[in-house]
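Me: Please give me a close account of one helix packing in the model below. I should like to know how the helices concerned are oriented, which residues meet, and what surrounds them.

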Amino acid sequence: MNRVTRRRLDRLDRVFTFSQQHLTQVQGYIEAVKQLGEQLDRVRELTTQSEAGDLAEEASTARKQAMRLVIEEDHLAHIVRIARSVTPADPELKKRFRMPAKGISLQAFLPAARALAAEAASRKELLIGEGLPEAFLDDLNAALDGYAEAVSQKDIGRASHVGARAELEALTKEMGLLVRRLDSINRYRFRDDGELLAAWKSVKDISWPLSDKPGPAGGTAAA
């Protein structure tokens, strides 16, 4: 959980706890506090979802890097060497059988490797005749399928993260309006009670929505 999110949740917890401790019989206030609690629970869920999506994306990236190395060294390199060893008999092989570029992205690696696998399939019998095992193409395609699955898992993780962040942003705006509503109500309720008014202001001591942008003179904006 990053610093901004942690501060936001801490702030909402304080606002919600104070509001619960100072309920009134006014139904509108009761409903506002209840809604704030429900939104706070949802923020926690979305934060967890976003963090899980980040972890899944990171794990998938590490998995893809390891799998790419295996595909390159245990499969493609052997196919390319064998194919290019018969260049005098078939000059086209040298042009068609090349390793994917070292600098190619993890995302772009899959289609490049698939293209090389397709070339190997078109000359399967020749390559087997030159010493590759009969199952070499099946082994390569199985490895590529595993790599494709890792790509898919990263996309799922990214989608989970992005979706959670989008909902969090929208929910933050809704909660900002709700906190301002509670602020107006409490400032009016406690206008003759300096102690409670000061307590409320200390709970809601930073402008909403929470931001790292400095206010006047380098400080945060006043509540």
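Reply: The account below starts with the chain as a whole, turns to the packing of one helix pair, and then follows selected residues outward.

This is a predicted model, in which local features need pLDDT of at least 70 and side-chain atom pairs count only at pLDDT 80 or more, whereas totals for chains, interfaces and linings use all residues. Residues are numbered from 1 along each chain as its sequence is written, and side-chain values use heavy atoms, with hydrogens and water left out.

The chain has 7 helices and 0 strands, so that its elements read α-α-α-α-α-α-α from the N terminus. Helices (H or I, at least four residues) and strands (E, at least two) are DSSP runs, numbered from the N terminus. Of the 223 residues in the chain, 38% are buried; buried means under 20% relative accessible area, exposed over 50%, and partly exposed in between, for a 1.4 Å probe and protein chains only. Among contacts between residues at least 6 apart in sequence, 73% join residues at least 24 apart, where contact means heavy atoms within 4.5 Å.

The part examined here is the packing of helix H2 (residues 27–85) on helix H4 (residues 106–122). Two packed helices are described by the angle between their axes and by the distance between those axes. For H2 and H4, the axes come within 11 Å and cross at roughly 25°, which makes H2 roughly parallel to H4. Axes are lines fitted to C-alpha atoms, for helices over the stretch in contact, with angles from 0 to 180 degrees between N-to-C directions. Angles under 35 degrees count as roughly parallel, over 145 as roughly antiparallel, 65 to 115 as roughly perpendicular, and the rest as oblique. The crossing of H2 and H4 is left-handed, meaning that the near helix is turned anticlockwise from the far one by less than a right angle; clockwise would be right-handed.

On the H2 side, the residues that take part are Thr61, Lys64, Gln65, Arg68, Ile71, Glu72, Leu76, Ile79 and Val80; they meet Leu106, Gln107, Phe109, Ala113, Leu116 and Ala120 in H4. By class, this contact has 9 nonpolar, 3 polar and 3 charged residues. Here Ala, Val, Leu, Ile, Met, Phe, Trp, Tyr, Cys and Pro count as nonpolar, Asp, Glu, Lys and Arg as charged, and the others, Gly among them, as polar.

One of the charged residues deserves separate mention. Glutamate 72 lies in helix H2 and counts as buried, at 8% relative accessibility. Apart from neighbours within four places in sequence, glutamate 72 is in contact with Ala77, Met99, Lys102 and Phe109. Another glutamate of helix H2, residue 57, is likewise listed as buried, at 17% relative accessibility. The C-alpha atoms of glutamate 57 and valine 151 are separated by 9.3 Å, although these residues are 94 apart along the chain.

Alanine 83 also belongs to helix H2, and it is buried, with a relative accessible area of 0%. Not counting residues up to four places away in sequence, alanine 83 touches Leu93, Phe97 and Leu127. Between alanine 83 and leucine 126, 43 residues apart in sequence, the C-alpha to C-alpha distance is 8.5 Å.

The aromatic pairs bring in other helices. A search of the whole structure finds 3 such pairs. Rings of Phe, Tyr and Trp (its six-membered ring) pair if their centres lie within 6.5 Å; planes under 30 degrees apart count as stacked, over 60 as edge-to-face, and the rest as tilted. Phenylalanine 18 and phenylalanine 190 form an edge-to-face pair, 6.1 Å centre to centre with 85° between the planes. Phenylalanine 18 lies in helix H1 (residues 3–21) and phenylalanine 190 in the loop between helix H6 (136–189) and helix H7 (194–203), so the pair ties together parts that are 172 residues apart in sequence. Phenylalanine 18 is buried at 6% relative accessible area, and phenylalanine 190 at 4%.

Phenylalanine 109 and tyrosine 147 are edge-to-face as well, 5.3 Å centre to centre with 65° between the planes. Phenylalanine 109 lies in helix H4 and tyrosine 147 in helix H6, so this pair ties together parts 38 residues apart in sequence. Phenylalanine 109 is buried, with a relative accessible area of 0%, and tyrosine 147 also counts as buried at 0%.
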